[in-house]
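The following note is offered for your review of the model. Its points begin with the ligand and then turn to the protein.

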Amino acid sequence: MRYISTRGGTEPVNAAEAIKLGPAPGGGLFVPEKLPRLDPEGIPAADYAALAGTVIKPFLPDFDSAAVDQFVRLAYNSGRFDHPAVAPLHRLHDHLYCLELWHGPTCAFKDMALQLLPYLLREAARLTGESAELVILTATSGDTGKAALEGFRDVPGTRVIVFYPAEGVSLMQERQMITQEGENVHVVALRGNFDDAQTGVKNVFNDGALAARLGERGYKLTSANSINWGRLVPQIAYYYAAYLALRRAGAIAAGEKINFVVPTGNFGNILAGYYACRMGLPVGRLLCASNSNNVLADFFNRGVYDRNRPFYRTISPSMDILVSSNLERLLFELSGRAPEPVRRWMEQLRERGSYRISPEAVTALAELFWADYAGDAQTMQAISDTYREHGYLLDPHTAVGKVIYDRYLGATADQSKTVLVATASPFKFNASTACALLGKERTAGCSEYELLQLLADTTGLTVPPPLRGLEGKPVRHKLIVSPEQIKETVLQLL
Ligand SMILES: *Cc1c(COP(=O)(O)O)cnc(C)c1O
């Protein structure tokens, strides 16, 4: 299988090359030339690691099959995930199940891909005869950064540089990053929001002169963001895992369609669900759940993508995004895999901050997607209601999804079994979850660590050890820069 660019203009490359490069040359994103078919009913019962191997191998034909088997074993095991199922499914009620993707070392779903990506990337470098040191340049809205740091720390032949919005992440997220250990890692706070970080990083990728200078010094840039195909393909596996878990539980019949609700920011997670559907997973609807930064909800409902709008800092900071990079891959499918319209839309987005698709395209998308958004107050309400009704604690991102699901049910009465993709541990966003359960009075003035304990005492849940362990860890990263300084910072750090 070969990979082509959503904007055309480059020769097809193999999987190793696509993963090593990250974004495609010229600003597009790599997509597989053709999606493989994979009937979930034909997958033998196995653990998560084996399932992941089955799902990703068709995308990596240039990788040795036994090597991939080894990589998935190393990535998805009980030393790294604190649940034997890796991505367990928790029943909320007859129709709704939570797919918990936060049992990895950084307590958010980014671990599902970033525990595996270092193996894929190192193998990709080997297969392509790369001699340069790989520099994983990452923009984060809070969770990708930590997951990349944890995945790549002290991995030979790699360096990691993470830019995060100085005031756009939760205190726990920031603590996780600035205390990061490892000899090959750099964490930089950015005066700006996630979009500034992502744009700055994309500019670095598109700067040929900078790449040449880095090349002379023995470095090659790549990405751990979901613009890298190697980030997306491991995420397809858990959509299959959810379906197979429902089948095993007897909750659905063979081939019965299920819905997924996905809390969405950069459109990576839900796009993996879209690919699973295209590969043959029986999916009815994909519900795209946004917070007040509702640019995607407007896109799906009105056909206009317009980033010219206020940017809100919300209690679901990992979704505080106005430019959702991976939508480009969906646009490519929407245009019948023609690069010209994609190039035009992306140019309009860069120049005017907006573009419009045809009414027919909106209708076509609506067959599979259903999109809406929730504000902070509704999200807080959903956290406390769900806890009261089901004894289950949602993090604020997942709670956005719960609001959207309830609204969808009211609007459509679609009783299909639905999987709510739970993207973070409620302990990672403890200020919001504790406040939702106990009220402002009780939680105001508590430190982050007191809140962890308070949450554990209230719910009987265990504080995830990686979060508890942050207390007392020294701060190792203190650099703060402006968006204009991203390039020179990269040069200085290497
Ligand atoms: C990254 C993230 C999201 C958004 O996922 P995308 O792939 O960017 O759409 C949602 N919730 C949490 C907790 C995240 O870390």
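1. The coordinates come from a predicted model, and the remarks below should be read accordingly. Among the polar contacts to the ligand, one involves G268: a backbone N or O atom of this residue lies 3.2 Å from an oxygen atom of the ligand. The neighbouring entry concerns F267, where a backbone N or O atom is 3.0 Å from an oxygen atom of the ligand.

2. T423 contributes through its side chain, in which an N or O atom is found 2.9 Å from a nitrogen atom of the ligand. Considered alone, the ligand exposes 380 Å², and the protein buries 98% of that area.

3. The ligand is surrounded by 15 residues, of which K110, D143, G265, N266 and N269 come nearest. By class, this shell comprises eight polar, five nonpolar and two charged residues. The space that the ligand takes is the largest cavity.

4. As to overall dimensions, the protein has 494 residues, and a compact globule of that length would have a radius of gyration near 23 Å; the value for the protein is 21 Å, which agrees. Along the principal axes, the C-alpha atoms fill a box of roughly 60 × 50 × 50 Å. The secondary structure amounts to 22 helices and 16 strands.

5. Helix α9, which spans residues 208-216, merits inspection at both ends. D207 caps the N-terminal end of α9, with a side-chain oxygen 3.1 Å from the backbone nitrogen of A209. After α9 comes G218, which has a positive phi, near 90°.

Key. Residues numbered from 1 in each chain as written. Predicted model: local features only at pLDDT ≥ 70, side-chain atom pairs only at ≥ 80, totals over all residues. Heavy atoms only, no water. Near = heavy atom within 4 Å. Polar contact = N/O pair within 3.5 Å; in protein donor to acceptor, adjacent residues only side chain to side chain. Areas by Shrake-Rupley, 256 points an atom, 1.4 Å probe, with all protein chains shown as cover. 1 Å grid on protein atoms, 1.4 Å probe; cavity = no way out; pocket = protein on both sides within 12 Å on 5 of 7 lines; lining within 4 Å. Sits in = over half its atoms within 2 Å of the grid points. Nonpolar A, V, L, I, M, F, W, Y, C, P; charged D, E, K, R; others polar. Helix = DSSP H or I, 4+ residues; strand = E, 2+ residues; numbered from the N terminus. Rg over C-alpha atoms; globule rule 2.2 N^0.38 Å.
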